[in-house]
Amino acid sequence: MVQGFIRKLIISASMLMLSASAFAELVVIVHPSNDSALDAKKVQRIFLGKEKKFSNGTAVVPLNQVTNDLRNQFDSNVLGRSSTQVSAYWSKLVFTGKGIPPKELAGDAAVVAAVAADAGAIGYVDSASVTGDVKTISVN
């Protein structure tokens with residue numbers, strides 16, 4: 001009886017954690033000093049290597065997350081492609097010598113720290129991970 005209750009409790013807690021990650025609110029972040037005008041199309045062009053500078057002239061440094069749910073969400077919602085399609089896109093550019101994919105960082109904390117340290121950096125994180133060291137931008 002107790003074992004059955006514990007098993008149900010563990011399953012319920014696991015389901016709750018999975019559903020919480022499914023509802024993560026993705027936000028794009030930049031250095032607080034970045035005053036460039038950015039919209040969804042511009043962010044898409046940056047992360048596909050088609051845009052090399054912000055509108056203020058600063059060289060752009062896009063930062064991807066290693067493959068995870070947030071990256072899949074970013075690829076789908078912002079880039080308009082599946083993660084597999086984005087990977088194939090970058091493989092082709094690298095093979096032909098026409099591009100270098102964004103640097104990959106492991107998790108929100110690493111992205112926030114890197115963006116806070118570099119005025120040209122742009123990344124994405126879960127909104128719960130945003131600190132006062134970075135600025136969020138709307139890409140709607």
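Colleague: What is the order of the five strands in the open sheet?
Modeller: Happy to start there. Strands (E, at least two residues) and helices (H or I, at least four) are DSSP runs, numbered from the N terminus, and two strands pair if DSSP finds at least two bridges between them. On that basis the open sheet has mixed pairing, and its five strands follow the order β3-β2-β4-β1-β5.

Colleague: Which strands form the edges?
Modeller: An edge strand here pairs on one side only. That holds for the strands at residues 103-105 and 135-137, which are β3 and β5.

Colleague: And what is the average twist from one strand to the next?
Modeller: Angles are taken between N-to-C directions and run from 0 to 180 degrees, with axes being lines fitted to C-alpha atoms (for helices, over the stretch in contact). From each strand to the next, the twist averages 40 degrees.

Colleague: What should I keep in mind about the model, and which pLDDT do side-chain atom pairs need?
Modeller: Residues are numbered from 1 along each chain as its sequence is written, and side-chain values use heavy atoms, with hydrogens and water left out. This is a predicted model, where totals for chains, interfaces and linings use all residues, local features need pLDDT of at least 70, and side-chain atom pairs count only at pLDDT 80 or more.

Colleague: Back to the sheet: which residue of β5 stands opposite Val-28?
Modeller: Strand β1 covers residues 26-30 and runs antiparallel to β5, with three bridges joining them. Opposite Val-28, in β5, stands Ile-137.

Colleague: At about what angle to β4 does helix α5 run?
Modeller: Two helices are worth viewing together. Helix α3 (residues 69-77) lies across β1, β2, β3 and β4, at about 115 degrees to β4. Helix α5 (residues 108-117) also lies across β1, β2, β3 and β4, and its angle to β4 is about 150 degrees.

Colleague: Which residues touch the most other members of the largest nonpolar core?
Modeller: Such a core is a set of buried Ala, Val, Leu, Ile, Met, Phe, Trp, Tyr and Cys residues joined through side-chain atoms within 4.5 Å. Buried means under 20% relative accessible area, exposed over 50%, and partly exposed in between, using a 1.4 Å probe and protein chains only. The largest core has 23 residues, and those touching the most other members are Val-43, Phe-47, Phe-74, Ile-122 and Ile-137.

Colleague: Which element gives the most to this core?
Modeller: Two or more residues come from each of β1, α2 (40-47), α3, α4 (83-95) and β4. With four residues, the top contributor is α4.

Colleague: Which residues are buried in α3?
Modeller: The face of this helix turned away from its buried side carries the exposed residues Asp-69 and Asn-77. The buried residues of α3 are Leu-70, Arg-71, Phe-74 and Asp-75.

Colleague: Why do we say that they line one face of the helix?
Modeller: The arc is that of the directions from the helix axis to the C-beta atoms. The buried residues line one face because, seen down the axis of α3, they fall within an arc of 135 degrees.

Colleague: How far apart in sequence are the parts that Arg-71 and Glu-104 tie together?
Modeller: A salt bridge is a side-chain nitrogen of Lys or Arg within 4 Å of a carboxyl oxygen of Asp or Glu. The side chains of Arg-71 and Glu-104 meet in one, at 2.6 Å from N to O. Arg-71 lies in helix α3 and Glu-104 in strand β3, so the parts they tie together are apart in sequence by 33 residues.

Colleague: Which residues do salt bridges with shared partners join into one network?
Modeller: Glu-51, buried at 19% relative accessibility, has a salt bridge with Lys-42, the closest N and O atoms being 3.3 Å apart. Glu-51 also meets Arg-45 in a salt bridge, at 3.0 Å from N to O. The network therefore joins Lys-42, Arg-45 and Glu-51.

Colleague: Last one: which residues does Pro-102 contact, leaving aside neighbours within four places in sequence?
Modeller: Pro-102 lies in the loop between α4 and β3, and is buried at 9% relative accessible area. Contact means heavy atoms within 4.5 Å. With those neighbours left aside, the contacts of Pro-102 are Phe-47, Pro-62, Leu-63, Asn-64 and Trp-90.
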